[in-house]
Amino acid sequence: MNILVCISKAPDTTSKIAFTNNNTQFDENGVQYIVNPYDEWYALVRALELKESIGGNVTIVTVGTTADEAIIRKALAIGADEAVRIDADPKDAYFVAMQIASFAKAKGFDLVMTGKETINYNGSQVGGMIAEAMDLPFISLATKLDASGTKLTLEREIVGGVQVVEVETPAVVSCAKGMAEQRIPNMRGIMAARTKPLTIIPAEEVADLSSYVSYNMPNAKSSVKMIDPSNMDELVALLHNEAKVI
Amino acid sequence: MVLVYINSTTGLSKAALETVTYGKKIGGDVTVVTNGSASSEQLAQLGQYGASKVLVDRSVDGEDPQQLTRLIAAVADQIGASSVIFSHDIYGKAVAPRLSVRMKAGLVAGAIAIPESDGSIKVNVFSGKAVGFVKVASDKQIISLLPNSIQPEQSGNSCSVEEISGHAGSSAIRVLETKKPEGNIPLPEAELVVSAGRGLKGPENWGMIEDLAQALGAATACSRPVADIGWRPHHEHVGQTGVAIRPNLYIAAGISGAIQHLAGVNGSKVIVVINTDKEAPFFKAADYGVIGDAFEVIPRLTEAVKRFKATQH
């Protein structure tokens, strides 16, 4: 099975979130970028497991600048066979999806995998956009994925439960928790990653459909009001009269 | 013209009423397009929330986002919609991005408020640690609204309901099995949530959490470790890798409040934290705190809620 895994960079989950330039830009000062966890732990690792059980090839693609080659090498060290970087500094999910779709169309992948969302913009947009641009079925928020011949069997999240579905390849799948377990690259993988092929291709001309005009930090909570553990009637009264939530 | 998509296969959810209200608030004439089996009488009630017409395609089960995309795009084209509104639920996440490409319309994913005066729309970013304002560059826009961001408002009378078909094409996705626990309030829609973590020591102790939830009319949730070790089902896990929720009230017992957990709940309007450890980081994000043993505090709180409810009748 010929699999394409889309990866994106994301700030480390412990990064301090701040903005600069009059709150119009994310402050990258001191921020460590990692492979977006949904892309790495779930999409990439499951792709590698499928390759290990039924054979095939795993390509990773990211839309990014030379600064993103560290996360590409990380994904190669975990086990991807080859990497493609589409050279651009993207601002918009539509731009990213159009670049990847345009690259993938010509390559005949059986399966395109993404994480369910990035942990910085949380839009959950790129997978569905790629699917539409390639005119392929899309299974979103998948928590399990098995392949047999040209048939994919998946479990996906639905409101208040899960559903088992079947679809023919080629297809696009966005991956959520449950799909696979995180893999830590070993020394051999890290060494091998240095010599695996990384192809850089120029971005196509695509106009953004949206942009972030500014950011803000949410209003800080006023200090916590402590309640005596023996007096839960007081807590209920406060929730009713002061907070007005019950 | 505003087009609102709702899924009505299991009746009219609160999220559906919120999206119709949102459509009304951003202005203009609101048409609703839906699929599924809700009765025409039920669908006509959407008029009370601002819809002037409901179009329903009963031949579409809603399981294939590609079919829904074709259906919604055809209707949007027919009525000349300039905005299409979804709920940012599984349908919004699967269908809105497809529609964005099909219509070449910018998508605001996970809106939490009506548009600002400059037309930008507020969304959560960095897993709820900050907010951003998104502006769409295209003539048409698509907005998916995070559940519980606005309240449904009744403003009008029932509206007409029209059956449509022939736009959706065939489905490429075959459903083999649907597993849905009965009777629970879906977590993303719940206004009140009672949640617990490892501090509860074992799955056999969840009865008191369920008792409190029942007394309040709340949904139950849990922290990641509890779902990982199998004490509670995964769909109850709230946090960065689980479900992100924004209820009016979030009560957390025996959860220390790791940054990844906070990312899933910091949109909650009011947070109550119950923990034996007065240094638990969750207290910094809480509105009300109780330092004490959940095994004593929770049953006491349940009794207090019952006493309060008794005075409300």
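Two strands pair if DSSP finds at least two bridges between them. Strands (E, at least two residues) and helices (H or I, at least four) are DSSP runs, numbered from the N terminus.

This is a predicted model: local features need pLDDT of at least 70, side-chain atom pairs count only at pLDDT 80 or more, and totals for chains, interfaces and linings use all residues. Residues are numbered from 1 along each chain as its sequence is written, and chains are lettered from A in the order in which they are written.

**Exercise 1. Trace the ten-stranded open sheet and find its edges.**

Step 1. Write the order: β13(A)-β7(A)-β6(A)-β1(A)-β8(A)-β12(A)-β9(A)-β10(A)-β11(A)-β10(B). The pairing is mixed.

Step 2. Take the ends. β13 (198-202) of chain A and β10 (174-179) of chain B each have a single partner strand, so one side of each is left without a neighbour in the sheet.

Step 3. Add the twist. Neighbouring strands are turned by 30° against each other on average, direction ignored. Axes here are lines fitted to C-alpha atoms, for helices over the stretch in contact, and angles run from 0 to 180 degrees between N-to-C directions.

Step 4. Check one pair inside the sheet. β1 (residues 2-6) and β6 (residues 57-64) of chain A run parallel, joined by five bridges. A:Val5 stands opposite A:Ile60 in β6(A).

Step 5. Place a helix on the sheet. Helix α4 (residues 90-103) of chain B lies across β9 and β10 of chain A, at about 90° to β9(A).

**Exercise 2. Describe the contact between chain A and chain B.**

Step 1. Count residues. Chain A gives 62 and chain B gives 75. Two residues are in contact if their C-beta atoms, placed from the backbone, lie within 7 Å.

Step 2. List contributors. On chain A, the elements that give two or more residues include α3 (93-105), β9 (138-148) and α6 (232-241).

Step 3. Sort by class. The chain A side has 36 nonpolar, 18 polar and eight charged residues. Ala, Val, Leu, Ile, Met, Phe, Trp, Tyr, Cys and Pro count as nonpolar, Asp, Glu, Lys and Arg as charged, and the others, Gly among them, as polar.

Step 4. Look for strand pairing across the chains. β15(A) and β15 (residues 288-291) of chain B pair in the parallel sense over three bridges. There, A:Met226 has B:Gly289 as its bridge partner.

**Exercise 3. Locate the largest nonpolar core.**

Step 1. Fix the terms. A residue is buried if 20 or more other C-beta atoms, placed from the backbone, lie within 10 Å of its own, exposed if 12 or fewer, and partly exposed in between. A nonpolar core is a set of buried Ala, Val, Leu, Ile, Met, Phe, Trp, Tyr and Cys residues joined through C-beta atoms within 7 Å.

Step 2. Read the core. The largest has 133 residues, and those with the most contacts inside it include A:Val5, A:Leu44 and B:Ile72. α3(A) supplies the largest share, ten residues.

Step 3. Separate the other core. Apart from the largest lies one of 54 residues, among them B:Leu262 and B:Ile298.

Step 4. Zoom in on A:Val5. Beyond four places in sequence, its contacts include A:Leu44, A:Val58 and A:Met113.

**Exercise 4. Classify B:Asn248 as buried, partly exposed or exposed.**

Step 1. Place B:Asn248 in the loop between α6 (224-228) and β13 (249-253) of chain B.

Step 2. Apply the count. B:Asn248 has 19 C-beta neighbours inside 10 Å, so it is partly exposed.

Step 3. Name its contacts. Beyond four places in sequence, B:Asn248 touches A:Val245, B:Glu191, B:Leu192, B:Lys269 and B:Val270.
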